[in-house]
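Me: Could you zoom in on one part of this model for me, the charged side chains and what they touch? Then take me outward from there.

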Amino acid sequence: MKSKLSARDIQSLVKLAIWVAVIAYLCFSSGDRINNLKINSIVPEWIIPYLDKIVHFVMFFVLAFLIKSLYWQKTVEFQGYYILLVAGVGYAALTEVVQYYFIYMRSGDVFDFFCDLAGMTLSVFVFPLWP
């Protein structure tokens with residue numbers, strides 16, 4: 001029989017759900033809304049080239065880190081951890097497909113997807129080093 005979720009487990013699940021929602025907001029906002037943020041005026045492309053790719057890397061690094069922390073706390077079983085990571089990869093692909101076909105002034109980018117995967121992969125290796 002499985003034990004009930006502790007308050008810490010529920011807190012970790014809520015953090016994961018909030019982060020998934022943040023990624024969805026950032027990825028599924030229209031190009032107009034993103035342009036209104038005027039990020040290029042704050043951080044010009046020549047100061048931080050490929051800022052978009054860095055943002056994708058960080059978003060999915062944190063996503064995989066939160067997923068890994070669920071496993072680490074034994075909130076999900078070991079097999080569930082891999083299922084969650086595969087779901088993360090699927091989510092990364094979904095964000096690009098939705099941007100390509102359905103979001104005004106946005107375009108799906110295979111390189112964004114690769115940055116998502118790179119962030120998730122590095123997170124899996126960095127997590128054991130985290131105190």
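Reply: First, the naming: helices (H or I, at least four residues) and strands (E, at least two) are DSSP runs, numbered from the N terminus. This is a predicted model, with local features needing pLDDT of at least 70 and side-chain atom pairs 80 or more, while totals for chains, interfaces and linings use all residues. Residues count from 1 along each chain as its sequence is written, and side-chain values use heavy atoms, leaving out hydrogens and water.

The protein has six helices and zero strands, so from the N terminus the elements simply go α-α-α-α-α-α. Buried residues account for 34% of the 131 residues (under 20% relative accessible area is buried, over 50% exposed and in between partly exposed, with a 1.4 Å probe and protein chains only). If you take contacts (heavy atoms within 4.5 Å) between residues at least 6 apart in sequence, 75% of them join residues at least 24 apart.

Now to your charged side chains. With a salt bridge defined as a side-chain nitrogen of Lys or Arg within 4 Å of a carboxyl oxygen of Asp or Glu, the count is three. Which residues do the salt bridges link into a network? Asp-52, Lys-53, Asp-109 and Asp-112. Let's go through the partners of Lys-53 in turn.

Asp-52 sits right before it in the numbering, and the closest N and O atoms of this salt bridge are 3.3 Å apart. Lys-53 is buried, at 18% relative accessible area, whereas Asp-52 is partly exposed at 38%.

Next comes Asp-109, whose side chain meets that of Lys-53 in a salt bridge at 2.6 Å, N to O. Why is this pair worth a look? Lys-53 lies in helix α4 and Asp-109 in the loop between α5 and α6, so the pair ties together parts that lie 56 residues apart in sequence.

The remaining partner is Asp-112, with its closest N and O atoms 2.7 Å from each other in the salt bridge with Lys-53. Here helix α4 supplies Lys-53 and helix α6 supplies Asp-112, so parts 59 residues apart in sequence are tied together. Both ends of this bridge, Lys-53 and Asp-112, are buried.

Stay with Asp-112 for a moment. This helix α6 residue has just 3% relative accessibility. Setting aside neighbours within four places in sequence, Asp-112 touches Asp-52, Lys-53, His-56 and Glu-96. So two of the names from the network, Asp-52 and Lys-53, turn up again in that contact list.

Moving back along the chain, Arg-106 is in the loop between α5 (78-102) and α6 (110-126). Its partners here are backbone oxygens (a polar contact is a pair of N or O atoms within 3.5 Å, where within protein one must be able to donate a hydrogen and the other to accept it, and residues adjacent in sequence count only if both atoms are side-chain atoms). The Arg-106 side chain reaches the backbone oxygen of Ser-29 at 2.8 Å, and one of its polar atoms is 3.3 Å from the backbone oxygen of Leu-26. Arg-106 and Ser-29 are 77 residues apart in sequence, yet their C-alpha atoms are 8.4 Å apart in space.

Further out, the rings around these helices deserve a look. They pair when the centres of Phe, Tyr or Trp rings (the six-membered one for Trp) lie within 6.5 Å; planes under 30 degrees apart are stacked, over 60 edge-to-face and the rest tilted. Searching the whole structure gives seven aromatic pairs. One of them, Phe-57 with Phe-61, is stacked, with 6.2 Å centre to centre and 20° between the planes. These two are four residues apart in helix α4 (residues 51-72), so about one helical turn separates them. Phe-57 is partly exposed, its relative accessible area being 26%. Over in the numbering of α6, Phe-113 and Phe-114 form a tilted pair, 6.1 Å centre to centre and 50° between the planes. Phe-113 is buried at 18% relative accessible area, while Phe-114 is partly exposed at 45%. Back in the first group, ring pairs join Phe-57, Phe-61 and Phe-65 into a cluster.

To pull it together, Lys-53 of helix α4 bridges to Asp-109 in the loop between α5 and α6 and to Asp-112 in helix α6. From that same α5 to α6 loop, Arg-106 reaches over to the backbone oxygen of Ser-29.
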